[in-house]
Every structure is written in structure tokens, then in C-alpha cells.
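Me: I would like a close look at a single part of this protein, with its surroundings described step by step. Please take your time and connect the pieces for me.

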Amino acid sequence: MDGPDERAGTDDMNARDDEADAAGREGEPDEAGDGADAAESDDEDDADAAESDDEPELPPAVDLPSSLALPFLRNGDLEIVGRLVQASNTTLLVTITGDVPGRGMITAGAVYKPIRGERPLWDFPEATLAHREVAAHAVSEATGWQIVPPTVFREAGPLGPGMLQLWVATRDDVDILALLQSSDPRLRRIALFDAVVNNADRKGGHLLVRPDGIIQGVDHGVTFNVDPKLRTILWNWRGTLIAPRELQVLALLRPKLAAGGPLAATLAEHLDGAEIEVARARLDELLGSRTFPHPHPDWPAVPWPWY
Ligand SMILES: Nc1ncnc2c1ncn2[C@@H]1O[C@H](COP(=O)(O)OP(=O)(O)O)[C@@H](O)[C@H]1O
Ligand SMILES: [Mg+2]
């Protein structure tokens, strides 16, 4: 077994520049015209949009309950409008247009992460990150905590199969560091959620404070590893008691995650059996100890950079 590595899970040690750059990588000149990979796709317009160097205009954020958002994301027409340039993988901004019951035809922003844009990581099986994001959303839904914005897996995206997540409106006047230092109680659920899904990359930029005050989390590609990899900025409550209401939610999660349970069935579409089994064990550990976890001694517990 490899030892822990600062870069594991968030960076890659053997990045291959071929497929990883499905839509061109920001900051690296594309000498051979090799946004190439993308140009090989049928849709040149999509490739052009994806290669733009400018921060794209943010797509429209439409607040939809997941019952409406999930079919909309699965079936709506997808158009690439830009790329998140600071992102480590190919993370594209798209619009989705479709008919939403009770709302008529709408266009909403979304994030599209094609599997072919994933940078290989030494400690995660290749081409699985988009699936992990969808699995994390399934756990979020099963808790009712609404931590992860609606997320689906789309087999036929313009750059191939990948995950699609509804774009969320965020406040830009929130000091995330102050939020962390104040142990804002809204973050407790996210800390518990991360413990269940074994999130290896909970940094400040992966917390979104919505205008209505709800805090959500994004970027769950490095979750559900079978080894303990919890790496987070949310250690404020380590070793302290989980509140009864929180514990109740975790207890309700247990039968859903049991073999044959509905959550386990959904996860099985995106994770392998061992990964689900170990997720169950992590949940049992939380239910047994009734406390927030401590950092693992053999693993870098805090992401760097933290934001
Ligand atoms: N669904 C979303 N709604 C609003 N903003 C988002 C959403 N997903 C990502 N972002 C923003 O985009 C940034 C990059 O996305 P992220 O998922 O972290 O990409 P990567 O996997 O490439 O790091 C996030 O830090 C966050 O600020
Ligand atoms: Mg990220």
C-alpha cells in the first residue's frame, strides 16, 4: 500500500496529458492545436466554448427541488457555455434547456464534468470521479440535508459520459474563513456527510453559501475510497458528541444503506461493492461512537491549499 501523499486525491502524480485535457487545459499553451481531443468530438462549437481563456459569464442559477431538477438535468438540451479555468479537472459550465412541469421551458446553468476530462490520480480508480459525485449526491438526498446540489450521470454528453450538476446561486460577500473560525453550526452536517462519504477534498472553495443562507457542498469526485481519506477544513467538532437530531438522521440512513436498501442500490450503479461496504462501516462507526471523527494519523487531514 502506498503511503500518504500530500497530493493524493486532489492532484495527480502521473497526469497524462492526452485524454485528461479533453477540452484543453487552462494555463498550458495548446501548441499542437490539441484541444484536439475536443475537436475530435463532433461539435466544434462546444470545443471552442470549452477552450475559451476568459472566465465565462456565469450561467443562470435556477432553484429547483431535486424532484424537478433531476429529470430536467437528465433530459434537457445541453449547451457548453464556458469552462471553470481554475478547476483541476475539465469542469465545464453549461446551460440546460427543457420543460419543467409547472414552470414551462426554462434554461438553467449547470456544471458538466466529462469523464474523459478527469486527471488520473494514484489513489482512485481511473474514470470514476464523475460517478463518485453522483454517489455523493445520492447520500445527500438520503439524509434530506440537501448538501449536494442536484446531480445526475449523463451517458451522452457532448464530450462523452459525465456528471451534470445544477448551478447554484452563491453569495459573494461571505468570508469563508470567518465562517470556519466561528464553527458555524450549518457546517456540522457537512462535516458528518463528509465523514460518511469519506471526502478527501473539503476545502473552502467547495462550500457554497446560497442567498437563502443554506450552505451546500460541491466537488465530490474524491469520495468513497476504501481507505480512510477524510481531508477537510471542518475539524472544529472532532471528538465531540453528534447532536441527537443529527444522530437521528444518520440512524435513518443506516437501513437505506443496508445491503438491499434503496440507497445501496443507487450507489451500486456508481461504486463497487467494497466501496459501499466500507461506507456502511463508516456510518456504523459514527453511530457507535456518537462522536465526530478525529483526523486519521496516517493521512494529511487538511487540504492544501485550504481554499
Ligand atoms: N453546482 C455549482 N454551483 C455553483 N458553483 C459551483 C458549482 N460547482 C462548482 N462550483 C464552483 O466552481 C468551482 C470549481 O468547481 P469544482 O467542482 O471544484 O471543480 P474541480 O473538480 O475541477 O475542482 C467550485 O469551487 C465552486 O466555486
Ligand atoms: Mg474543486
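**Helix α6 and its surroundings**

Reply: What covers the buried residues of α6 includes α4 (129-143), β7 (215-217), α7 (244-257) and α9 (273-289). Before going further, please keep in mind that this is a predicted model, in which the mean pLDDT of the protein chain is 86 and 81% of the residues reach 70 or more. Over residues 1-52, however, the pLDDT is below 50, although this stretch has 88 contacts in the model beyond near neighbours in sequence.

The protein chain holds nine helices and seven strands, and of its 307 residues 41% count as buried. Against that background, helix α6, which runs over residues 188-197, is mostly covered, with nine of its ten residues buried. The buried ones are R189, I190, A191, L192, F193, D194, A195, V196 and V197. Just after the helix, N198 takes a positive phi of about 60°.

To see how α6 is tied to other parts of the chain, it helps to follow one residue, L192, which touches I242, E246, L250 and L286, leaving aside residues up to four places away in sequence. L192 also belongs to the largest nonpolar core, which has 61 residues, and there L73, V94, A110, A135, V139, L192 and V196 touch the most other members. The element that gives the most to this core is α4, with eight residues.

One of the contacts of L192, namely L286, leads us to α9, where L286 is buried together with E275, I276, A279 and L283. Seen down the axis of α9, these buried residues fall within an arc of 100°, and so they line one face of the helix. A general rule helps here: an α-helix has 3.6 residues a turn, so residues three or four places apart point the same way. The face of α9 turned away from its buried side carries the exposed residues G273, A274, A281 and G288.

The covering also works in the other direction, since what covers the buried residues of α9 includes α6, α7 and α8 (262-267). As for its length, α9 has 17 residues and reaches 25 Å from its first C-alpha to its last, close to the 24 Å expected at 1.5 Å a residue. Just after α9, R290 takes a positive phi of about 55°.

Finally, for the chain as a whole, among contacts between residues at least 6 apart in sequence, 72% join residues at least 24 apart.

Methods: Residues numbered from 1 in each chain as written. Chains lettered and ligands numbered in written order. Predicted model: local features only at pLDDT ≥ 70, side-chain atom pairs only at ≥ 80, totals over all residues. Buried ≥ 20, exposed ≤ 12 C-beta atoms within 10 Å, placed from the backbone. Helix = DSSP H or I, 4+ residues; strand = E, 2+ residues; numbered from the N terminus. Contact = placed C-beta atoms within 7 Å. pLDDT = per-residue confidence, 0-100. Expected span 1.5 Å × (residues − 1). Arc of directions from axis to C-beta. Core = buried A, V, L, I, M, F, W, Y, C linked by C-beta atoms within 7 Å.
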